[in-house]
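Ready for a few warm-up exercises on a protein chain? Have a look at the sequence and the model, then work through the tasks below.

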Amino acid sequence: MSDATLHATERNPDDFAVQIADQVESFLVAVTEVAKGDEPGSAVPFLLLEVSQLLLAGGRLGAHEDILPDERYEPDPGFEPDVDELRENLARLLDPVDIYSEVFDPYEPRRAPVPARISDDLADVIADLRHGMVHYKAGRTTEALWWWQFSYFSNWGSTASATLRALHSVLAHIRLDQPLQELDGLDTDQATMGDETLEFEAGQVMAKEIGGQLGIRS
């Protein structure tokens, strides 16, 4: 991408920066709306769709050459709203499927799965994306793209990917009529998790609370 494109004052919808910013903004708005809880029955499939679309933007950022900021030190973005309320709303909305197990690094051998929360993951992704959006809306386009690309590799890319697998798993279990295994007693303050932890039967709870709202038989 040329500097002219990165620093364009007119936001052409064909520009890479504009397209990435539009996808980021769409995700921010959509997840915020889902977190309000107005349509709990469609929350999981809607989040699956939004995370999938966001990862397309991430893939484009990842495939792009390194984007370097204009200044050595990041400008102060100013006030950024916290994500605690959104996190708590998502946790209530997604219970009892909020907690899932994840392998942190698939290339690090013999690492046990660790517990994670979809609500925590989405809130963390939102925080990263909002930070870049503040720069973008202030006209610091290169800074925004640099931040989104850097944080894609360092945090939100892997976090969103793990969340996507969890959401996909929830829907797959419902649609294929396969009860989930309950993560009985598992929480994100536990350091490690053995295979036995995943042996407790529990998918009937999830199917009753979410599957029925999706119009799927229990």
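**Exercise 1. Work out how α2 passes α4, and with which residues.**

Start with the handedness: the crossing of α2 and α4 is left-handed, meaning that the near helix is turned anticlockwise from the far one by less than a right angle. Before going on, note that this is a predicted model, where local features need pLDDT of at least 70, side-chain atom pairs count only at pLDDT 80 or more, and totals for chains, interfaces and linings use all residues. Residues are numbered from 1 along each chain as its sequence is written, and side-chain values use heavy atoms, with hydrogens and water left out.

Next, the geometry. Helix α2 covers residues 16-35 and helix α4 residues 84-94; they pack at an angle of about 55°, their axes 9 Å apart. That makes α2 oblique to α4 (under 35 degrees would be roughly parallel, over 145 roughly antiparallel, 65 to 115 roughly perpendicular, and the rest is oblique).

Now the residues. On the α2 side you'll find Val31, Thr32, Val34 and Ala35, which meet Leu86, Asn89, Leu90 and Leu93 of α4. Sorted by class, the residues of this contact are 6 nonpolar, 2 polar and no charged.

**Exercise 2. Do the same for α2 and α6.**

Geometry again: the axes of α2 and α6 (residues 141-175) come within 11 Å and cross at roughly 60°. That makes α2 oblique to α6. The crossing is left-handed here, too.

Then the partners: Phe16, Ala17, Ile20, Ala21 and Val24 in α2 meet Thr141, Leu145 and Trp148 in α6. This contact has 7 nonpolar residues, 1 polar and no charged.

**Exercise 3. Which side chains of β1 are buried, and how does β1 pair with β2?**

Walk along β1, residues 99-102, and the side chains alternate: Tyr100 and Glu102 point to one face and are buried, while Ile99 and Ser101 point to the other and are not. Buried means under 20% relative accessible area, with a 1.4 Å probe and protein chains only.

For the pairing, β1 and β2 (residues 114-117) run antiparallel over 4 bridges; two strands pair if DSSP finds at least two bridges between them. Glu102 stands opposite Val114 in β2.

**Exercise 4. Place these pieces in the whole chain.**

Count the elements: the chain has 7 helices and 4 strands. From the N terminus on, the order is α-α-α-α-β-β-α-α-β-β-α.

Finish with burial: of the 218 residues in the chain, 41% are buried.

How values were computed
Buried < 20%, exposed > 50% of the residue type's maximum accessible area, 1.4 Å probe, protein only. Helix = DSSP H or I, 4+ residues; strand = E, 2+ residues; numbered from the N terminus. Axes fitted to C-alpha atoms, helices over the stretch in contact; angles between N-to-C directions. Contact = heavy atoms within 4.5 Å. Nonpolar A, V, L, I, M, F, W, Y, C, P; charged D, E, K, R; others polar.
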